[in-house]
Amino acid sequence: MKGWSLPTAAAVVAATIFFSLSTMALPAASAIVEHTFVVSQMNMTHLCKETLVTVVNGQVPGPTIEVTEGDSVIIHVVNKSPHNITIHW
Ligand SMILES: *[C@@H]1O[C@H](CO)[C@@H](O)[C@H](O)[C@H]1NC(C)=O
Ligand SMILES: *[C@@H]1O[C@H](CO)[C@@H](O)[C@H](O)[C@H]1NC(C)=O
């Protein structure tokens, strides 16, 4: 057997072009999603009672992180609360 027949080579080229086009047609490739979380304490009223609450960017629950599979996530955490903290996802 010597090399590929012409129809086989043409099929390979066609498949390669199809694959390249379908790859290009995919939505944006992986992105870098970056956020800054400022952790602090706020007095909040809950059921008529004022409580000291640990918040992220002034809100509870903290901000939503929206990503697509394959994205990279970078979160800068600035701890302005008087306590040592850990953040969990
Ligand atoms: C929360 O309220 C208390 C009592 O009024 C006050 O001493 C404290 O400074 C307040 N803390 C914050 C983070 O606002
Ligand atoms: C926070 O952690 C550091 C290092 O372990 C410790 O020295 C410090 O006392 C802690 N601060 C508080 C407020 O717990």
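Ile-87 counts as partly exposed because its relative accessibility is 30%; buried means under 20% relative accessible area, exposed over 50%, and partly exposed in between, with a 1.4 Å probe and protein chains only. Ile-87 is placed in the segment after β3 (72-79). The model is predicted, so local features need pLDDT of at least 70 and side-chain atom pairs count only at pLDDT 80 or more, while totals for chains, interfaces and linings use all residues. Residues are numbered from 1 along each chain as its sequence is written, chains are lettered from A and ligands numbered from 1 in the order in which they are written, and side-chain values use heavy atoms, with hydrogens and water left out.

Two other residues can be set beside Ile-87.

| Residue | Place | Relative accessibility | Class |
|---|---|---|---|
| Ile-87 | segment after β3 | 30% | partly exposed |
| Ser-81 | segment after β3 | 11% | buried |
| Ala-29 | loop between α1 (6-24) and β1 (32-46) | 65% | exposed |

The side chain of Ser-81 makes a polar contact of 2.9 Å with that of Asn-79. A polar contact is a pair of N or O atoms within 3.5 Å; within protein, one must be able to donate a hydrogen and the other to accept it, and residues adjacent in sequence count only if both atoms are side-chain atoms. Ala-29 has its C-alpha atom 8.3 Å from that of Gly-70, although the two residues are 41 residues apart along the chain.

The protein chain as a whole has one helix and three strands, in the order α-β-β-β along the sequence. Helices (H or I, at least four residues) and strands (E, at least two) are DSSP runs, numbered from the N terminus. Of the 89 residues in the chain, 8% count as buried.

Ligand 1 has Gln-41, Asn-43, Glu-50 and Leu-52 around it; a residue is near a molecule if one of its heavy atoms lies within 4 Å of it. β1 and β2 (49-56) each supply at least two residues of this shell. By type, the shell holds one nonpolar, two polar and one charged residue; Ala, Val, Leu, Ile, Met, Phe, Trp, Tyr, Cys and Pro count as nonpolar, Asp, Glu, Lys and Arg as charged, and the others, Gly among them, as polar. An N or O atom in the side chain of Asn-43 lies 2.3 Å from an oxygen atom of ligand 1. On its own, ligand 1 has 360 Å² of accessible area, of which the protein covers 31%; such areas come from the Shrake-Rupley method with a 1.4 Å probe.
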